[in-house]
Amino acid sequence: MLHNLSWHITLGTWQLLMIDSVEITRSVEQLSDTATITLPGSVFNKALEIESKIKRGDTVKIMLGYNEVLVKEFEGFIEAIETNDGSISIKCEDAIYNLRKPVGNIEFTNPDVADVLAYVLKQAGDFALVCDYQFKYDKFTCINTTAYKVVKQIQEETKANIYMKGDVLHVHPQYKEIFGEAAYSFQQNIESSELEYRNAEDRKTEVVVEGKSKDGKVIRETAGEKGGDTITIKMDGVSDPASLKSMAGEQLKTKSYTGYSGSFTGWLVPWCDAGYKVSITDRDYEIKDGTYYVLEVVTTFSKSGGVREVKIGMKL
């Protein structure tokens, strides 16, 4: 049995000796992985003075586990230090933090996302780009902005999987990359579940993606079938039919399948991460067994225990 909680957390050159809680969010739907470390506001009735020891931009490393067997859960930088309701919250961000730098004003005509990103990465510093995601804008403008804001805008608009590893920005289609795998069972390591099982015919979906050309004409691409839910995505400044059609198809894949949707909660073991594939089994309903893509993992750690809430996407 796994009993004794263990942790090792460093902020800059300091090691934390006490915490209230840690929450780590790793997601393929968000631009960056984040962590919030909550500390008590005082110890033995004396205010905890931490601002003089750490600052925004200091490095962060969080390792968690059981019985001194630790796994690196997060590595990044302090983004903000906040004091609320008698406690101290340290907000942390992964390597995408390094892109919070200004870029020169520019207007692109008919650029692919790779053109825009290559420009802002060069402006922000010595960062490389690995991009196999095809999406074309009619026009893209950078005015009084930062590399971070540009990358975030592209991630939100295109739905691409964008993340930073070291000094390399990766841009890929959703679900293309699988970083590892984990196994879960309702009888063994699923503590609680908010999963819903539905048949594909009950998930009938039509995805409509609308772009608009320079002269105001609406270009519409669809995927799926009518008679169920309709999802409409509007893209100003995008008129390339191939880009719109690709987005419609990618979004449809995430909606129309037979299987589970939702989330479930397990413990720190097994390790599970966004971009993993997880098998979900149930001895009582083996027909429902399947493998799914993980969209997000929220790991919570405190004296009460350590758990992971795993949000799944489409069935693989």
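The expected span of a helix is 1.5 Å times one less than its number of residues. Keep that rule handy for the first stop, and keep in mind throughout that this is a predicted model.

**Stop 1: helix H3**

Select residues 241-253, which make up helix H3. By the rule, the 13 residues of H3 should span 18 Å, and the end C-alpha atoms sit 19 Å apart, so the two agree. Now show the side chains of Ser243, Leu244, Met247, Ala248, Gln251 and Leu252: these are the buried residues of H3. They take up an arc of only 165° around the axis, which means they are on the same side of H3.

**Stop 2: helix H2**

Jump back to residues 147-158, helix H2, and try the rule again: twelve residues should span 16 Å, and the end C-alpha atoms are 16 Å apart, which agrees. Which residues of H2 are buried? Color Ala147, Tyr148, Val150, Val151, Ile154, Gln155 and Thr158 to see them. Their arc around the axis is only 165°, so they lie on the same side of H2. Step just past the helix and you land on Lys159, which follows H2 and has a positive phi, near 65°.

**Stop 3: the cavity**

Rolling a probe the size of a water molecule over the atoms shows where empty space is left. Here, searching the whole structure turns up one cavity of 30 Å³ or more. The largest cavity holds about 40 Å³ of space. To find it, select Tyr133, Thr158, Lys159, Ala160, Pro173, Gln174, Met247, Glu250 and Gln251, which line it. You have met some of these already: Thr158 is one of the buried residues of H2, while Met247 and Gln251 are among the buried residues of H3. Which helix gives the largest share of the lining? That is H3, with three residues. Color the lining by class and you get four nonpolar, three polar and two charged residues.

**Stop 4: two buried strand residues**

Next, pick Arg26 in strand E3, residues 21-27. Is Arg26 buried or exposed? The relative accessible area of Arg26 is 18%, and buried means under 20%, so Arg26 counts as buried. Zoom in on the side chain of Arg26: one of its polar atoms lies 2.8 Å from the backbone oxygen of Glu73.

Then go to strand E24, residues 290-302, and select Phe301. With a relative accessible area of 2%, Phe301 is buried too. Add Asp20 to the selection and draw a C-alpha to C-alpha distance: Phe301 and Asp20 are 281 residues apart in sequence but 8.7 Å apart in space.

**Stop 5: backbone oddities in the loops**

Finish with some torsions. Glu68 is in the loop between strand E7 (59-66) and strand E8 (69-84). Glu68 is not a glycine, yet has a positive phi of about 65°. At 64% relative accessibility, over the 50% cut-off, Glu68 counts as exposed.

Asn144 sits in the loop between strand E13 (139-142) and strand E14 (145-146). Its phi is positive as well, near 45°, again in a residue other than glycine. Asn144 counts as exposed, at 68% relative accessibility.

Last pick: Pro270, in the loop between strand E22 (259-267) and strand E23 (277-281). Check omega on the peptide bond from Val269 to Pro270: the value is near 10°, and the bond is cis.

Definitions and conventions. Residues are numbered from 1 along each chain as its sequence is written. This is a predicted model: local features need pLDDT of at least 70, side-chain atom pairs count only at pLDDT 80 or more; totals for chains, interfaces and linings use all residues. Side-chain values use heavy atoms; hydrogens and water are left out. Helices (H or I, at least four residues) and strands (E, at least two) are DSSP runs, numbered from the N terminus. Buried means under 20% relative accessible area, exposed over 50%, partly exposed in between (1.4 Å probe, protein chains only). The arc is that of the directions from the helix axis to the C-beta atoms. On a 1 Å grid over the protein atoms alone, a cavity is a set of points where a 1.4 Å probe fits but cannot get out, and a pocket is an open set with protein on both sides within 12 Å along at least five of seven lines; lining residues have an atom within 4 Å of a point. Grid points are joined across faces, edges and corners, and a volume is the space filled by probe spheres set on the points. Ala, Val, Leu, Ile, Met, Phe, Trp, Tyr, Cys and Pro count as nonpolar, Asp, Glu, Lys and Arg as charged, and the others, Gly among them, as polar. A polar contact is a pair of N or O atoms within 3.5 Å; within protein, one must be able to donate a hydrogen and the other to accept it, and residues adjacent in sequence count only if both atoms are side-chain atoms.
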